[in-house]
Amino acid sequence: MIDPAAKLSVSRQAIVLGISRGSVYYKPRPASDADLKLMHRIDKLHMEFPFAGSRMLQGLLVQEGFKVGRLHVATLMKRMGIEALYRKPNTSKPAPGHKIYPYLLRKLPITRPNQVWAMDITYIPMARGFIYLAAVLDWFTRRVLAWRVSITLEADFCVEAVEEALARYGLPEIFNTDQGSQFTSTDFIKMLAARKIKISMDGKGAWRDNVFVERLWRTIKYEDVYLRAYASVSEARSGIGQYLTFYNSRRPHSSLDGRTPDQAYFHQPAPEAVAA
């Protein structure tokens, strides 16, 4: 897919293809078939029981006939980038020495588009292997403003997604993330700070802080990813892109009075129902 001999630079080819530049040079160590099967099941259990940590997930897996220890479950969860939403002390993994910002959304009325944006990363299983999906979400309207997929958990694909959102939709007042190393990295913080965007990070123990993004992940997985079993990264990127277009432009939300995220974000009324 990437041709080093082409006239376009490798970096430019990555941008055109919509993949992170860091992924181009990364040579992943493939997971075993047994681990892939475990990871896919862990992902579904995490969607169903988001409060479950490695101990509970290991117990659930054993009940289903898997022979796996708790430490192996914890290792796979780390590789997948997931953790129990009921956070215990020291479960967030900021980059060493990087600043952690306070959570700014507690008791804050969120009443308009571009007041608060949020971002998170999720594990996406495929028929063979997996990727990571990062998305920028407008908190008030639930609209996905930009997204990227990557085969690594480096910060660059998150930075690229935010840069796209900023270029297309302007500046939010507040940008909220968890305390993961991608979001405490120097490049990510500098990007927001240079534009004087207020930075908010989920507090430890406050599992509801980024709940709207968690709901987005559940929706994407149950309405698209689990049904498709994408065969390749390019197929997953195309399919997820098509689904997110549907999600933004056609999928009504009860929390938006039946409007779509596009209608809410662009201040458009919902179409009137036609009597039968």
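In this predicted model, the largest nonpolar core (buried Ala, Val, Leu, Ile, Met, Phe, Trp, Tyr and Cys residues joined through side-chain atoms within 4.5 Å) has 46 residues, and Ile42, Met119, Val136, Val162, Phe175 and Phe188 have the most contacts inside it. Helix H6, residues 156-169, supplies the largest share of this core, eight residues; helices (H or I, at least four residues) and strands (E, at least two) are DSSP runs numbered from the N terminus. A second, separate core of 30 residues includes Ala118, Trp217, Tyr230 and Ile240. Buried residues (under 20% relative accessible area with a 1.4 Å probe, protein chains only; exposed is over 50%, partly exposed in between) make up 50% of the 276 residues in the chain.

Turning to charged pairs, the count comes to ten salt bridges, each a side-chain nitrogen of Lys or Arg within 4 Å of a carboxyl oxygen of Asp or Glu. Arg128 and Asp33 meet in one of them, at 2.0 Å from N to O. Arg128 lies in the loop between strands S1 and S2 and Asp33 in helix H3, so the pair ties together parts 95 residues apart in sequence. Here Arg128 is partly exposed at 49%, while Asp33 is exposed at 52%. Arg143 and Asp262 form another salt bridge, at 2.5 Å from N to O, and both residues are buried.

Residues are numbered from 1 along each chain as its sequence is written. Local features need pLDDT of at least 70, side-chain atom pairs count only at pLDDT 80 or more, totals for chains, interfaces and linings use all residues, and side-chain values use heavy atoms, with hydrogens and water left out.
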